[in-house]
Amino acid sequence: MVKVIYVAKDGTRTEVKAQVGDTVMQTALDNDVAGIVGECGGSMMCATCHCYVDDAWTDAAGPRKDGEDDMLDCAADEVKETSRLSCQIQLTPELNGLVVHLPEDQV
Amino acid sequence: MAGIVIVGAGQGGLQAAISLRQEGYEGTITLIGAEDGLPYQRPPLSKAYLKSGDAEALRLRPETFFEKSDITLRSGLWVDRIDRAGRTVHAGAEVFAYDHLILATGTRNLRPPIDGVERALDLRTLDDAKKLREVLSTPQRCAVIGGGFIGLEFAAVARGLGHEVAVAEAADRLMARVVSPEMSQRFLDLHHGLGTAVHLGAAAQGVTRDAMHLADGSEVAADVVLLAAGVRPNTELAAEAGLAVDNGVVVDAQLLTGDPAISALGDCAVFPDPATGRAVRLESVQAATDHARLIARRLVKGDSDGYGAVPWFWSDQADWKLQIAGLSAPGDDTAVRADGAVFRFAGDRLSSVETINNAKTHMQTRKRLGQGPVSRAALKAADLDIAAV
(Lines give C-alpha, C1' and ligand atoms only; values in the text may rest on other atoms or scores of the structure.)
Protein backbone atom coordinates (compact mmCIF):
# COMPACT_ATOMS: atom_id res chain seq x y z
CA MET A 1 0.00 0.00 0.00
CA VAL A 2 1.11 3.55 -0.70
CA LYS A 3 -0.26 6.89 0.36
CA VAL A 4 -1.63 9.49 -2.07
CA ILE A 5 -2.68 12.99 -1.07
CA TYR A 6 -5.15 14.94 -3.18
CA VAL A 7 -5.34 18.68 -2.61
CA ALA A 8 -8.52 20.32 -3.86
CA LYS A 9 -8.61 23.84 -5.28
CA ASP A 10 -9.88 25.16 -1.94
CA GLY A 11 -6.95 23.55 -0.11
CA THR A 12 -8.82 20.54 1.28
CA ARG A 13 -6.41 17.61 1.62
CA THR A 14 -7.65 14.06 1.21
CA GLU A 15 -5.22 11.31 2.13
CA VAL A 16 -5.95 7.81 0.87
CA LYS A 17 -4.26 4.42 0.85
CA ALA A 18 -3.72 2.99 -2.60
CA GLN A 19 -2.52 -0.20 -4.27
CA VAL A 20 0.78 -0.20 -6.09
CA GLY A 21 -0.08 -0.64 -9.77
CA ASP A 22 -3.30 1.35 -9.62
CA THR A 23 -3.46 4.74 -11.25
CA VAL A 24 -3.89 8.05 -9.48
CA MET A 25 -7.24 8.41 -11.29
CA GLN A 26 -8.60 5.00 -10.27
CA THR A 27 -7.49 5.59 -6.69
CA ALA A 28 -9.38 8.89 -6.59
CA LEU A 29 -12.57 7.33 -7.94
CA ASP A 30 -12.34 4.35 -5.59
CA ASN A 31 -11.99 6.68 -2.61
CA ASP A 32 -14.66 9.22 -3.51
CA VAL A 33 -12.15 11.98 -4.04
CA ALA A 34 -14.12 14.81 -5.64
CA GLY A 35 -12.49 16.66 -8.50
CA ILE A 36 -11.45 13.72 -10.70
CA VAL A 37 -14.02 12.65 -13.30
CA GLY A 38 -12.22 10.06 -15.41
CA GLU A 39 -14.94 9.94 -18.00
CA CYS A 40 -13.27 7.57 -20.47
CA GLY A 41 -12.03 5.22 -17.78
CA GLY A 42 -8.37 5.76 -18.52
CA SER A 43 -8.55 5.17 -22.28
CA MET A 44 -6.84 8.50 -23.01
CA MET A 45 -9.93 9.79 -24.76
CA CYS A 46 -10.63 12.79 -22.57
CA ALA A 47 -8.89 15.14 -20.17
CA THR A 48 -11.25 14.87 -17.21
CA CYS A 49 -8.70 13.38 -14.80
CA HIS A 50 -6.34 16.35 -15.08
CA CYS A 51 -4.12 16.99 -12.05
CA TYR A 52 -1.06 19.03 -11.12
CA VAL A 53 1.75 16.99 -9.64
CA ASP A 54 3.21 18.74 -6.59
CA ASP A 55 6.60 20.30 -7.35
CA ALA A 56 8.31 17.94 -4.92
CA TRP A 57 7.02 14.91 -6.83
CA THR A 58 7.42 15.79 -10.50
CA ASP A 59 10.62 13.78 -10.93
CA ALA A 60 9.25 10.70 -9.21
CA ALA A 61 6.03 10.86 -11.24
CA GLY A 62 8.03 11.02 -14.44
CA PRO A 63 7.36 12.82 -17.72
CA ARG A 64 4.06 12.86 -19.62
CA LYS A 65 3.38 9.78 -21.69
CA ASP A 66 2.80 9.56 -25.43
CA GLY A 67 -0.29 11.48 -26.43
CA GLU A 68 -0.84 13.00 -23.01
CA ASP A 69 0.15 16.48 -24.23
CA ASP A 70 -2.44 16.32 -26.96
CA MET A 71 -5.21 15.35 -24.57
CA LEU A 72 -4.20 18.02 -22.05
CA ASP A 73 -4.65 20.60 -24.81
CA CYS A 74 -8.37 20.08 -24.27
CA ALA A 75 -8.34 20.22 -20.47
CA ALA A 76 -11.01 22.44 -18.97
CA ASP A 77 -8.65 24.24 -16.60
CA GLU A 78 -5.24 25.88 -17.03
CA VAL A 79 -2.49 23.52 -18.18
CA LYS A 80 0.79 24.03 -16.32
CA GLU A 81 4.18 22.41 -16.58
CA THR A 82 3.17 20.03 -13.81
CA SER A 83 -0.11 19.03 -15.49
CA ARG A 84 -0.69 15.31 -15.97
CA LEU A 85 -3.56 13.01 -16.77
CA SER A 86 -3.93 11.11 -13.52
CA CYS A 87 -4.94 7.95 -15.44
CA GLN A 88 -1.40 7.85 -16.79
CA ILE A 89 0.35 7.97 -13.41
CA GLN A 90 0.73 4.45 -12.15
CA LEU A 91 1.57 4.12 -8.47
CA THR A 92 4.93 2.60 -7.55
CA PRO A 93 6.53 2.19 -4.10
CA GLU A 94 8.61 5.28 -4.95
CA LEU A 95 5.41 7.33 -5.16
CA ASN A 96 4.45 6.62 -1.55
CA GLY A 97 3.27 10.00 -0.20
CA LEU A 98 2.59 11.49 -3.66
CA VAL A 99 0.85 14.85 -3.56
CA VAL A 100 -1.32 15.97 -6.48
CA HIS A 101 -3.31 19.17 -6.75
CA LEU A 102 -6.69 19.20 -8.45
CA PRO A 103 -7.99 21.81 -10.87
CA GLU A 104 -11.28 23.58 -10.30
CA ASP A 105 -12.90 22.25 -13.48
CA GLN A 106 -12.60 18.99 -15.37
CA VAL A 107 -15.40 19.45 -17.89
CA MET B 1 -41.18 16.95 -3.43
CA ALA B 2 -41.05 13.50 -4.96
CA GLY B 3 -37.57 13.98 -6.38
CA ILE B 4 -35.91 12.70 -9.52
CA VAL B 5 -36.05 9.11 -10.71
CA ILE B 6 -33.53 7.84 -13.25
CA VAL B 7 -34.36 4.59 -15.04
CA GLY B 8 -31.13 2.97 -16.21
CA ALA B 9 -27.92 2.81 -14.17
CA GLY B 10 -25.37 2.73 -16.96
CA GLN B 11 -22.75 5.41 -17.41
CA GLY B 12 -25.32 8.01 -18.56
CA GLY B 13 -27.85 7.36 -15.81
CA LEU B 14 -25.13 7.48 -13.17
CA GLN B 15 -23.69 10.68 -14.66
CA ALA B 16 -27.13 12.28 -14.44
CA ALA B 17 -27.26 11.46 -10.72
CA ILE B 18 -23.70 12.75 -10.16
CA SER B 19 -24.30 15.95 -12.13
CA LEU B 20 -27.59 16.68 -10.35
CA ARG B 21 -25.76 16.64 -7.01
CA GLN B 22 -22.84 18.63 -8.41
CA GLU B 23 -25.24 21.31 -9.66
CA GLY B 24 -26.69 21.49 -6.18
CA TYR B 25 -29.89 19.49 -6.41
CA GLU B 26 -31.05 18.71 -2.87
CA GLY B 27 -34.08 16.49 -3.50
CA THR B 28 -34.28 12.72 -3.58
CA ILE B 29 -32.43 10.94 -6.40
CA THR B 30 -33.31 7.33 -7.17
CA LEU B 31 -31.21 5.47 -9.73
CA ILE B 32 -32.79 2.22 -10.88
CA GLY B 33 -30.77 -0.36 -12.81
CA ALA B 34 -31.88 -3.70 -14.25
CA GLU B 35 -28.46 -5.30 -13.81
CA ASP B 36 -27.13 -6.37 -10.43
CA GLY B 37 -24.24 -4.62 -8.76
CA LEU B 38 -22.70 -1.20 -9.03
CA PRO B 39 -22.73 0.82 -12.27
CA TYR B 40 -19.77 0.00 -14.50
CA GLN B 41 -18.11 1.03 -17.74
CA ARG B 42 -19.07 -0.92 -20.83
CA PRO B 43 -16.42 0.19 -23.36
CA PRO B 44 -13.62 -1.92 -21.82
CA LEU B 45 -15.73 -5.11 -21.90
CA SER B 46 -14.64 -5.74 -25.47
CA LYS B 47 -11.16 -4.31 -24.92
CA ALA B 48 -9.06 -4.27 -21.73
CA TYR B 49 -11.43 -6.39 -19.63
CA LEU B 50 -11.45 -9.28 -22.11
CA LYS B 51 -7.70 -9.46 -21.69
CA SER B 52 -7.32 -8.67 -17.98
CA GLY B 53 -10.55 -9.94 -16.42
CA ASP B 54 -10.28 -7.13 -13.88
CA ALA B 55 -13.92 -6.35 -13.10
CA GLU B 56 -13.07 -3.95 -10.29
CA ALA B 57 -11.38 -1.62 -12.74
CA LEU B 58 -14.73 -1.26 -14.53
CA ARG B 59 -16.59 0.09 -11.54
CA LEU B 60 -17.54 3.74 -12.04
CA ARG B 61 -18.00 4.64 -8.36
CA PRO B 62 -17.61 2.67 -5.10
CA GLU B 63 -20.60 1.84 -2.94
CA THR B 64 -19.65 4.53 -0.42
CA PHE B 65 -20.10 7.17 -3.09
CA PHE B 66 -23.84 6.51 -3.21
CA GLU B 67 -24.21 6.88 0.55
CA LYS B 68 -22.10 10.03 0.65
CA SER B 69 -23.94 11.60 -2.25
CA ASP B 70 -27.32 10.52 -0.95
CA ILE B 71 -28.19 8.75 -4.18
CA THR B 72 -30.47 5.75 -3.76
CA LEU B 73 -29.18 3.03 -6.08
CA ARG B 74 -31.63 0.22 -6.77
CA SER B 75 -29.78 -2.46 -8.70
CA GLY B 76 -31.33 -5.57 -10.17
CA LEU B 77 -34.72 -3.94 -10.39
CA TRP B 78 -36.74 -4.06 -13.60
CA VAL B 79 -39.10 -1.16 -14.23
CA ASP B 80 -42.42 -2.33 -15.72
CA ARG B 81 -44.22 0.86 -16.55
CA ILE B 82 -44.51 4.60 -16.23
CA ASP B 83 -47.75 6.23 -15.04
CA ARG B 84 -47.41 9.72 -16.51
CA ALA B 85 -50.66 11.02 -15.04
CA GLY B 86 -49.69 9.89 -11.55
CA ARG B 87 -45.98 10.69 -12.08
CA THR B 88 -44.93 7.31 -10.83
CA VAL B 89 -42.66 4.53 -12.02
CA HIS B 90 -43.68 0.95 -11.27
CA ALA B 91 -41.29 -1.94 -10.69
CA GLY B 92 -43.14 -5.05 -9.59
CA ALA B 93 -44.96 -4.07 -6.41
CA GLU B 94 -42.74 -1.04 -5.85
CA VAL B 95 -43.80 2.45 -6.82
CA PHE B 96 -41.46 5.42 -7.18
CA ALA B 97 -42.96 8.90 -7.40
CA TYR B 98 -41.14 11.55 -9.43
CA ASP B 99 -41.17 15.26 -10.11
CA HIS B 100 -38.91 14.54 -13.03
CA LEU B 101 -38.09 11.26 -14.72
CA ILE B 102 -34.94 10.60 -16.73
CA LEU B 103 -34.95 7.65 -19.13
CA ALA B 104 -31.45 6.22 -19.55
CA THR B 105 -32.53 2.75 -20.60
CA GLY B 106 -29.78 2.18 -23.16
CA THR B 107 -29.92 -0.57 -25.73
CA ARG B 108 -29.95 -4.32 -25.98
CA ASN B 109 -28.37 -6.59 -28.52
CA LEU B 110 -30.15 -7.00 -31.78
CA ARG B 111 -30.97 -10.65 -32.28
CA PRO B 112 -31.59 -11.12 -35.99
CA PRO B 113 -33.81 -13.98 -37.13
CA ILE B 114 -30.97 -16.41 -37.77
CA ASP B 115 -31.48 -20.15 -37.32
CA GLY B 116 -29.86 -21.28 -34.09
CA VAL B 117 -29.10 -17.71 -32.99
CA GLU B 118 -29.77 -18.76 -29.40
CA ARG B 119 -26.45 -20.61 -29.52
CA ALA B 120 -24.57 -17.36 -30.14
CA LEU B 121 -23.01 -15.43 -27.27
CA ASP B 122 -23.45 -11.70 -26.68
CA LEU B 123 -20.97 -9.06 -25.60
CA ARG B 124 -22.91 -6.31 -23.95
CA THR B 125 -22.94 -6.84 -20.17
CA LEU B 126 -20.29 -7.76 -17.65
CA ASP B 127 -21.90 -11.21 -17.35
CA ASP B 128 -21.59 -11.65 -21.13
CA ALA B 129 -17.92 -10.67 -21.00
CA LYS B 130 -17.23 -13.03 -18.09
CA LYS B 131 -18.75 -15.89 -20.06
CA LEU B 132 -16.64 -15.06 -23.10
CA ARG B 133 -13.48 -14.91 -21.02
CA GLU B 134 -14.23 -18.38 -19.70
CA VAL B 135 -14.75 -19.67 -23.22
CA LEU B 136 -11.50 -18.08 -24.38
CA SER B 137 -9.51 -19.78 -21.63
CA THR B 138 -9.14 -22.81 -23.90
CA PRO B 139 -8.30 -22.82 -27.64
CA GLN B 140 -11.35 -22.07 -29.76
CA ARG B 141 -12.44 -21.49 -33.30
CA CYS B 142 -14.35 -18.20 -32.96
CA ALA B 143 -16.82 -16.83 -35.46
CA VAL B 144 -18.15 -13.31 -35.15
CA ILE B 145 -21.41 -12.14 -36.68
CA GLY B 146 -20.97 -8.45 -37.40
CA GLY B 147 -17.91 -6.41 -38.42
CA GLY B 148 -18.59 -3.33 -36.31
CA PHE B 149 -16.68 -1.96 -33.30
CA ILE B 150 -17.64 -4.70 -30.86
CA GLY B 151 -17.15 -7.60 -33.24
CA LEU B 152 -13.77 -6.33 -34.41
CA GLU B 153 -12.53 -5.44 -30.93
CA PHE B 154 -13.40 -8.95 -29.83
CA ALA B 155 -11.76 -10.42 -32.93
CA ALA B 156 -8.53 -8.53 -32.25
CA VAL B 157 -8.40 -9.68 -28.62
CA ALA B 158 -9.24 -13.29 -29.52
CA ARG B 159 -6.55 -13.39 -32.21
CA GLY B 160 -4.11 -11.83 -29.77
CA LEU B 161 -4.82 -14.74 -27.43
CA GLY B 162 -4.09 -17.18 -30.25
CA HIS B 163 -7.61 -18.31 -31.15
CA GLU B 164 -8.79 -18.86 -34.71
CA VAL B 165 -11.11 -16.05 -35.69
CA ALA B 166 -13.51 -15.45 -38.58
CA VAL B 167 -15.73 -12.38 -38.97
CA ALA B 168 -18.86 -12.27 -41.14
CA GLU B 169 -20.14 -8.82 -42.08
CA ALA B 170 -23.33 -8.38 -44.11
CA ALA B 171 -22.23 -5.03 -45.61
CA ASP B 172 -19.50 -4.82 -48.23
CA ARG B 173 -17.06 -3.17 -45.83
CA LEU B 174 -16.19 -3.14 -42.13
CA MET B 175 -17.73 -0.59 -39.73
CA ALA B 176 -19.67 0.80 -42.71
CA ARG B 177 -22.15 2.70 -40.57
CA VAL B 178 -19.52 4.77 -38.76
CA VAL B 179 -16.31 5.15 -40.78
CA SER B 180 -15.18 6.07 -44.29
CA PRO B 181 -14.47 3.43 -46.96
CA GLU B 182 -10.76 4.33 -46.66
CA MET B 183 -10.79 3.54 -42.94
CA SER B 184 -12.78 0.34 -43.53
CA GLN B 185 -10.06 -0.81 -45.91
CA ARG B 186 -7.24 -0.06 -43.48
CA PHE B 187 -8.94 -2.05 -40.76
CA LEU B 188 -9.63 -4.89 -43.17
CA ASP B 189 -5.88 -5.00 -43.86
CA LEU B 190 -5.15 -4.87 -40.13
CA HIS B 191 -7.40 -7.84 -39.37
CA HIS B 192 -6.09 -9.81 -42.34
CA GLY B 193 -2.60 -9.10 -41.05
CA LEU B 194 -3.59 -10.43 -37.63
CA GLY B 195 -4.67 -13.67 -39.30
CA THR B 196 -8.42 -13.19 -39.04
CA ALA B 197 -10.62 -14.48 -41.87
CA VAL B 198 -12.98 -11.65 -42.86
CA HIS B 199 -16.06 -12.41 -44.96
CA LEU B 200 -17.64 -9.27 -46.45
CA GLY B 201 -21.11 -9.12 -48.00
CA ALA B 202 -21.67 -12.27 -45.98
CA ALA B 203 -24.88 -12.32 -43.99
CA ALA B 204 -24.96 -15.05 -41.37
CA GLN B 205 -27.86 -17.39 -41.89
CA GLY B 206 -27.48 -19.97 -39.20
CA VAL B 207 -25.55 -21.08 -36.16
CA THR B 208 -25.04 -24.74 -35.41
CA ARG B 209 -23.05 -26.63 -32.79
CA ASP B 210 -19.86 -26.43 -34.81
CA ALA B 211 -20.32 -23.80 -37.51
CA MET B 212 -21.59 -20.45 -38.65
CA HIS B 213 -23.53 -20.72 -41.91
CA LEU B 214 -23.43 -17.87 -44.43
CA ALA B 215 -26.10 -16.77 -46.91
CA ASP B 216 -24.03 -17.94 -49.92
CA GLY B 217 -24.25 -21.50 -48.60
CA SER B 218 -20.70 -21.66 -47.26
CA GLU B 219 -19.94 -22.45 -43.67
CA VAL B 220 -17.25 -21.43 -41.23
CA ALA B 221 -16.22 -24.00 -38.63
CA ALA B 222 -16.72 -22.51 -35.18
CA ASP B 223 -16.82 -23.72 -31.60
CA VAL B 224 -18.10 -20.39 -30.38
CA VAL B 225 -20.13 -17.75 -32.20
CA LEU B 226 -20.33 -14.14 -31.02
CA LEU B 227 -23.36 -12.14 -32.09
CA ALA B 228 -22.28 -8.52 -32.59
CA ALA B 229 -24.76 -7.33 -35.18
CA GLY B 230 -25.71 -4.10 -33.50
CA VAL B 231 -28.21 -3.04 -30.89
CA ARG B 232 -31.73 -1.76 -30.56
CA PRO B 233 -32.79 0.95 -28.15
CA ASN B 234 -34.87 0.03 -25.12
CA THR B 235 -37.94 2.14 -25.88
CA GLU B 236 -40.79 -0.06 -24.64
CA LEU B 237 -41.33 1.87 -21.40
CA ALA B 238 -41.57 5.16 -23.29
CA ALA B 239 -43.75 3.77 -26.05
CA GLU B 240 -46.18 2.15 -23.64
CA ALA B 241 -46.41 5.45 -21.78
CA GLY B 242 -47.44 7.14 -25.03
CA LEU B 243 -44.19 9.03 -25.64
CA ALA B 244 -42.95 9.46 -29.22
CA VAL B 245 -40.57 6.71 -30.26
CA ASP B 246 -38.73 6.54 -33.59
CA ASN B 247 -35.55 4.43 -33.44
CA GLY B 248 -35.28 5.71 -29.86
CA VAL B 249 -37.10 7.92 -27.40
CA VAL B 250 -37.65 11.18 -29.27
CA VAL B 251 -36.39 14.30 -27.46
CA ASP B 252 -35.85 17.94 -28.42
CA ALA B 253 -32.65 19.99 -28.21
CA GLN B 254 -33.19 20.23 -24.43
CA LEU B 255 -33.37 16.42 -24.30
CA LEU B 256 -36.97 16.63 -23.20
CA THR B 257 -39.63 14.24 -24.44
CA GLY B 258 -43.13 15.48 -25.27
CA ASP B 259 -43.83 15.26 -21.54
CA PRO B 260 -42.16 18.18 -19.71
CA ALA B 261 -41.61 15.90 -16.71
CA ILE B 262 -39.63 13.29 -18.67
CA SER B 263 -36.16 13.56 -20.25
CA ALA B 264 -34.18 10.89 -22.07
CA LEU B 265 -30.45 10.52 -22.60
CA GLY B 266 -27.71 8.43 -24.11
CA ASP B 267 -28.04 5.38 -26.32
CA CYS B 268 -31.84 5.21 -26.05
CA ALA B 269 -32.50 8.84 -27.05
CA VAL B 270 -33.07 10.28 -30.52
CA PHE B 271 -32.13 13.95 -30.52
CA PRO B 272 -31.46 16.72 -33.06
CA ASP B 273 -27.82 16.62 -34.19
CA PRO B 274 -26.49 20.11 -33.37
CA ALA B 275 -24.56 20.26 -36.65
CA THR B 276 -27.40 19.32 -39.01
CA GLY B 277 -30.66 19.28 -37.08
CA ARG B 278 -31.10 15.70 -38.26
CA ALA B 279 -32.58 13.28 -35.69
CA VAL B 280 -29.78 11.00 -34.52
CA ARG B 281 -29.19 8.35 -31.90
CA LEU B 282 -25.59 7.84 -30.79
CA GLU B 283 -24.11 4.87 -29.00
CA SER B 284 -21.30 6.47 -27.05
CA VAL B 285 -20.03 7.40 -23.61
CA GLN B 286 -19.64 10.97 -24.84
CA ALA B 287 -23.29 11.45 -25.77
CA ALA B 288 -24.54 9.71 -22.62
CA THR B 289 -22.47 11.85 -20.25
CA ASP B 290 -22.87 15.14 -22.11
CA HIS B 291 -26.63 14.57 -22.30
CA ALA B 292 -26.66 13.87 -18.56
CA ARG B 293 -24.84 17.10 -17.75
CA LEU B 294 -27.19 19.19 -19.86
CA ILE B 295 -30.27 17.67 -18.24
CA ALA B 296 -28.84 18.30 -14.78
CA ARG B 297 -28.08 21.95 -15.58
CA ARG B 298 -31.56 22.41 -16.96
CA LEU B 299 -33.31 20.81 -14.00
CA VAL B 300 -31.25 22.50 -11.30
CA LYS B 301 -30.20 25.82 -12.79
CA GLY B 302 -32.96 26.32 -15.32
CA ASP B 303 -30.43 26.52 -18.18
CA SER B 304 -32.18 26.59 -21.53
CA ASP B 305 -29.12 26.06 -23.74
CA GLY B 306 -29.68 23.56 -26.50
CA TYR B 307 -27.45 20.50 -26.69
CA GLY B 308 -24.37 21.30 -28.76
CA ALA B 309 -21.59 18.88 -27.80
CA VAL B 310 -19.25 17.57 -30.50
CA PRO B 311 -19.60 13.78 -30.81
CA TRP B 312 -16.53 11.59 -30.41
CA PHE B 313 -15.95 7.87 -30.56
CA TRP B 314 -13.09 5.44 -30.19
CA SER B 315 -12.23 1.83 -30.80
CA ASP B 316 -9.15 -0.15 -29.77
CA GLN B 317 -8.20 -2.95 -32.14
CA ALA B 318 -4.81 -4.60 -31.63
CA ASP B 319 -2.44 -1.65 -31.14
CA TRP B 320 -4.53 0.73 -33.23
CA LYS B 321 -6.65 3.34 -31.53
CA LEU B 322 -9.26 4.61 -33.94
CA GLN B 323 -10.62 8.01 -32.97
CA ILE B 324 -13.48 9.84 -34.61
CA ALA B 325 -14.35 13.47 -33.92
CA GLY B 326 -17.65 14.67 -35.36
CA LEU B 327 -20.43 12.74 -37.03
CA SER B 328 -20.68 11.66 -40.66
CA ALA B 329 -23.27 9.87 -42.74
CA PRO B 330 -22.12 6.79 -44.71
CA GLY B 331 -22.18 8.68 -48.03
CA ASP B 332 -20.05 11.66 -46.94
CA ASP B 333 -17.03 12.59 -49.12
CA THR B 334 -13.53 11.93 -47.92
CA ALA B 335 -10.11 13.53 -48.28
CA VAL B 336 -7.06 11.75 -46.91
CA ARG B 337 -4.16 13.77 -45.52
CA ALA B 338 -0.57 12.66 -46.10
CA ASP B 339 -0.30 11.38 -42.50
CA GLY B 340 -3.38 9.19 -42.97
CA ALA B 341 -5.98 11.33 -41.17
CA VAL B 342 -9.30 11.04 -43.01
CA PHE B 343 -11.40 14.19 -43.36
CA ARG B 344 -15.07 13.70 -44.18
CA PHE B 345 -17.41 16.25 -45.69
CA ALA B 346 -21.17 16.68 -45.94
CA GLY B 347 -21.34 19.06 -48.89
CA ASP B 348 -19.02 21.93 -48.02
CA ARG B 349 -19.04 21.24 -44.28
CA LEU B 350 -16.45 19.16 -42.42
CA SER B 351 -18.51 16.42 -40.77
CA SER B 352 -15.81 14.34 -39.05
CA VAL B 353 -12.14 13.46 -38.87
CA GLU B 354 -10.96 9.86 -38.42
CA THR B 355 -7.48 9.09 -37.16
CA ILE B 356 -5.45 6.11 -36.03
CA ASN B 357 -3.01 6.62 -33.15
CA ASN B 358 -3.10 10.38 -33.71
CA ALA B 359 -4.55 11.97 -30.59
CA LYS B 360 -3.28 15.39 -31.58
CA THR B 361 -5.39 15.71 -34.71
CA HIS B 362 -8.34 14.13 -32.93
CA MET B 363 -8.25 16.64 -30.09
CA GLN B 364 -7.61 19.57 -32.44
CA THR B 365 -10.74 18.56 -34.35
CA ARG B 366 -12.86 18.24 -31.22
CA LYS B 367 -11.73 21.65 -30.09
CA ARG B 368 -12.26 23.28 -33.49
CA LEU B 369 -15.68 21.75 -34.18
CA GLY B 370 -16.75 22.96 -30.75
CA GLN B 371 -16.16 26.53 -31.93
CA GLY B 372 -18.35 26.23 -35.02
CA PRO B 373 -18.54 24.71 -38.50
CA VAL B 374 -15.46 24.33 -40.71
CA SER B 375 -15.77 24.75 -44.48
CA ARG B 376 -14.15 22.42 -46.94
CA ALA B 377 -12.67 25.32 -48.90
CA ALA B 378 -10.99 26.81 -45.84
CA LEU B 379 -9.62 23.44 -44.80
CA LYS B 380 -8.35 22.74 -48.32
CA ALA B 381 -6.63 26.12 -48.42
CA ALA B 382 -4.90 25.20 -45.14
CA ASP B 383 -3.71 21.84 -46.52
CA LEU B 384 -6.12 20.04 -44.18
CA ASP B 385 -4.48 21.51 -41.09
CA ILE B 386 -7.43 21.62 -38.72
CA ALA B 387 -5.51 23.79 -36.24
CA ALA B 388 -5.06 26.48 -38.89
CA VAL B 389 -8.71 27.11 -39.77
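This passage describes two interfaces in a predicted model: the contact between domains 2 and 3 of chain B, and the contact between chain B and chain A.

Chain B is assigned three domains. Domain 1 is made of two segments, residues 4–108 and 231–301, while domain 2 spans residues 111–227 and domain 3 spans residues 319–388. Between the C-alpha centres of domain 2 and domain 3 of chain B the distance is 29 Å. Their contact involves 14 residues of domain 2 of chain B and twelve residues of domain 3 of chain B.

Together, domain 2 and domain 3 of chain B bury about 1,100 Å², with 67% of this area given by carbon and sulfur atoms. On the domain 2 side, 40% of the area buried against domain 3 of chain B is supplied by B:Met183, B:Arg186 and B:Phe187, a contribution above that of any other three residues. No salt bridges are found across this interface between domain 2 and domain 3 of chain B, but three residue pairs are in polar contact there, both residues of each pair being at pLDDT 80 or more. Helix α6 of chain B (residues 181–194) provides six residues to the domain 2 side, the largest share of the surface that touches domain 3 of chain B. By residue class, this side of domain 2 of chain B comprises nine nonpolar residues, one polar residue and four charged residues.

The contact between the chains draws 25 residues from chain B and 20 residues from chain A. The area buried between chain B and chain A amounts to about 1,800 Å², and carbon and sulfur atoms account for 50% of that area. Four salt bridges are counted between the two chains. In the salt bridge that A:Glu39 forms with B:Arg293, the closest N and O atoms are 2.3 Å apart. Eleven residue pairs, with both residues at pLDDT 80 or more, are in polar contact across the interface of chain B and chain A.

Five elements of chain B each give two or more residues to the side that touches chain A: the helices α3 (63–68), α8 (285–301) and α9 (359–371), and the strands β21 (312–317) and β22 (320–326). Of these, α9(B) gives the most, with six residues. The residues on the side of chain B that touches chain A fall into ten nonpolar, six polar and nine charged.

Note on methods:
Residues are numbered from 1 along each chain as its sequence is written. Chains are lettered from A and ligands numbered from 1 in the order in which they are written. This is a predicted model: local features need pLDDT of at least 70, side-chain atom pairs count only at pLDDT 80 or more; totals for chains, interfaces and linings use all residues. Side-chain values use heavy atoms; hydrogens and water are left out. Domain bounds come from an automatic or database domain assignment. Contact means heavy atoms within 4.5 Å. Buried area is the accessible area (1.4 Å probe) that two parts lose on being put together, summed over both. A salt bridge is a side-chain nitrogen of Lys or Arg within 4 Å of a carboxyl oxygen of Asp or Glu. A polar contact is a pair of N or O atoms within 3.5 Å; within protein, one must be able to donate a hydrogen and the other to accept it, and residues adjacent in sequence count only if both atoms are side-chain atoms. Helices (H or I, at least four residues) and strands (E, at least two) are DSSP runs, numbered from the N terminus. Ala, Val, Leu, Ile, Met, Phe, Trp, Tyr, Cys and Pro count as nonpolar, Asp, Glu, Lys and Arg as charged, and the others, Gly among them, as polar.
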